[in-house]
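Trainee: Could you take one part of this chain and go through it closely, and then tell me how it sits within the rest? I would like the criteria spelled out as you go.

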Amino acid sequence: MLDKCITLLQSYGLSSLKKLKQVHAFSIRHGVSITNPEMGKHLIFYLVSLPPPPPMSYAHKIFSEIEKPFNVFIWNTLIRGYAETGDSVSALSLYRGMRASGFVEPDTHTYPFLLKAVAKMADVRLGETIHSVVIRSGFGSLIFAQNSLLHLYGNCGDVDSAYKVFDEMPVKDLVAWNSVINGFAENGKPNEALGLYSEMGSKGIKPDGFTIVGLLSACAKIGALTLGKRVHVYMVKVGLTGNLHSCNVLLDLYARCGRVEEAKTLFSEMVEKNSVSWTTLIVGLAVNGFGKEAIELFKDMESEEGLLPCEITFVGILYACSHCGMVDEGFEYFRRMRDEYKIEPRIEHFGCMVDLLARAREVKKAYEYIMTMPMQPNVVIWRTLLGACTVHGDSDLAELARIKILQLEPNHSGDYVLLSNMYASEQRWSDVQKIRRQMLEDGVRKVPGHSLVEVGNRVHEFLMGDKSHPQSELIYAKLKEMSDRLRVEGYVPQISNVYVDVEEEEKENALVYHSEKIAIAFMLISTPERSPIRVVKNLRVCADCHLAIKLVSKVYDREIVVRDRSRFHHFKDGSCSCQDYW
């Protein structure tokens, strides 16, 4: 009878939970004990293997009835089920129960499942503890254990440990390469991800869809459009354009590189689209300054049957309203999000509303809005208010925001700089000195502004006043020519953007050497006439650079796309897509 019940499970076990329960009931009625480990093993396996989410409470109930679970397969199957459903605490508890039971010892299949559970907890210290147990147990050299460790460290943000495991692997399969490339891409080291991809190619290992996703993510982060386009060509060549996830990441790449038309073309050519596809383009249009287009696309999405906007979709819509000055529309979409779509606002949505008011010069209303929020404002919201106060000159409110920020996240260099710049704009030089002394005392270092540009599959980085580039002499000659031509066009340096107490001539010289201007001069000597220029900057573009780049686009007949810390600026024929509202 036991054999017959197991045969029934093998025939019907994966069809539905209802069929599984029927076989289970049949076995009990025909004398198969509920404590039978063989029957329990098969029942647990098929329950855990059902389409997600599997009924883990039912599976665990069967497990608890087994008199002596000597078979390690049963324990591993339950740990796998908990790991795959995100119940990491139960997976860890079961593993500890296994070690304490005296019935069985973990085997080669235990640790990959357990490490997957720990990875979802993002607890790197616990991961290191399990890693040491893996080594002591003699499983450290097994490739599937090593791949699980790569995934664990990458998910925890410890890319140095991930790379150390990877580097020591005698045999590296495609999963290993993908894990470490994706780990670098997702943890702020895109150049390392691209370097590993090149190394992977030199060893003759062909990428798959997972490689493509990690690679495109890295390209998007540093604006490496040329390499991203090569990846797109490869996708077409090997038939990966039908992969929805890969196409969504490619869509994000074009949007993040400011290539809105390419993103729109790709979107229109996608045979299959999901809510992620629509949301990606909506957010892409919003951050590129095409707020009205983003809202029109959202209306099209609403008319699509079976598609519902998510929390991130509304972040994009509210962002679009914020950066286009559509205050009333922003409040209406916020209302619709809650009332029509029953999406409970998160801190990001409230942050967009504060930004919406702050950009519209309504800093006091923004503060009042913060004070009536149903949740505690985080440091990002207070920092948004601080930034608006410095731009619009409300020093009292700025100091209040600064106090709140100090309570939540002290010693962030950007906050000191914002306050220092505001004092400097009001010529309160003694207060400027006080802030700078405080920075020194607190050991806070200012994050240097840098600009990235891509030429010939290589990303070049420039700092303010940077002369380290091999073509530095030619770059500065071009920079001088650029300055001279701009003055002919009527350009007057905005010396109010230099927040140091020096003579006006020195202020003008300081403005010339901002990193984005050096990067643009380099692109003017390195790329064909009339070809577009793309710059990725880590800080907010200043008013003087914004004015200068508008004129450069006109004088040199170049389209220039600058991606700064918060948005894109598309400069063309002397104007910017932001309409000077940023």
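**A close look at helix α8**

Mentor: Just after helix α8, G138 takes a positive phi of about 85°; helices here are DSSP runs of H or I with at least four residues, strands are runs of E with at least two, and both are numbered from the N terminus. Please keep in mind that this is a predicted model, in which local features need pLDDT of at least 70 and side-chain atom pairs count only at pLDDT 80 or more, while totals for chains, interfaces and linings use all residues. Residues are numbered from 1 along each chain as its sequence is written, and side-chain values use heavy atoms, with hydrogens and water left out.

At the other end, where α8 starts, a side-chain oxygen of D123 comes to within 3.3 Å of the backbone nitrogen of R125, and a polar contact is defined as a pair of N or O atoms within 3.5 Å, of which, within protein, one must be able to donate a hydrogen and the other to accept it, residues adjacent in sequence counting only if both atoms are side-chain atoms. Between these ends, the 13 residues of α8 (residues 124-136) should span 18 Å at 1.5 Å a residue, and the end C-alpha atoms are indeed 18 Å apart, which agrees; the expected span is 1.5 Å times one less than the number of residues.

Which residues of α8 are buried? They are V124, L126, G127, I130, H131, V133 and V134, where buried means under 20% relative accessible area, exposed over 50% and partly exposed in between, with a 1.4 Å probe and protein chains only. These buried residues cover an arc of only 165° around the axis, which puts them on the same side of α8, the arc being that of the directions from the helix axis to the C-beta atoms. An α-helix has 3.6 residues a turn, so residues three or four places apart point the same way. The face turned away from that buried side carries the exposed residues R125, I135 and R136. What covers the buried residues of α8 includes α6 (88-101), α7 (110-121), α9 (143-155) and α10 (159-168), a contact meaning heavy atoms within 4.5 Å.

Now for the rest of the chain, which has 30 helices and 6 strands. Of its 582 residues, 50% count as buried, and the C-alpha trace spans about 95 × 55 × 55 Å along its principal axes. Among contacts between residues at least 6 apart in sequence, 63% join residues at least 24 apart.

A few backbone details elsewhere deserve a check. Most residues other than glycine have a negative phi, and most peptide bonds are trans. A cis peptide bond nevertheless joins P52 and P53, with omega about -5°, and P53 belongs to the loop between α3 (37-48) and α4 (56-65). R361, although not a glycine, has a positive phi of about 70°; R361 sits in the loop between α21 (347-359) and α22 (363-371) and is exposed, with a relative accessible area of 63%. D557, not a glycine either, has a positive phi of about 55°, lies in the loop between α30 and β4 (560-563), and counts as partly exposed at 36% relative accessibility.
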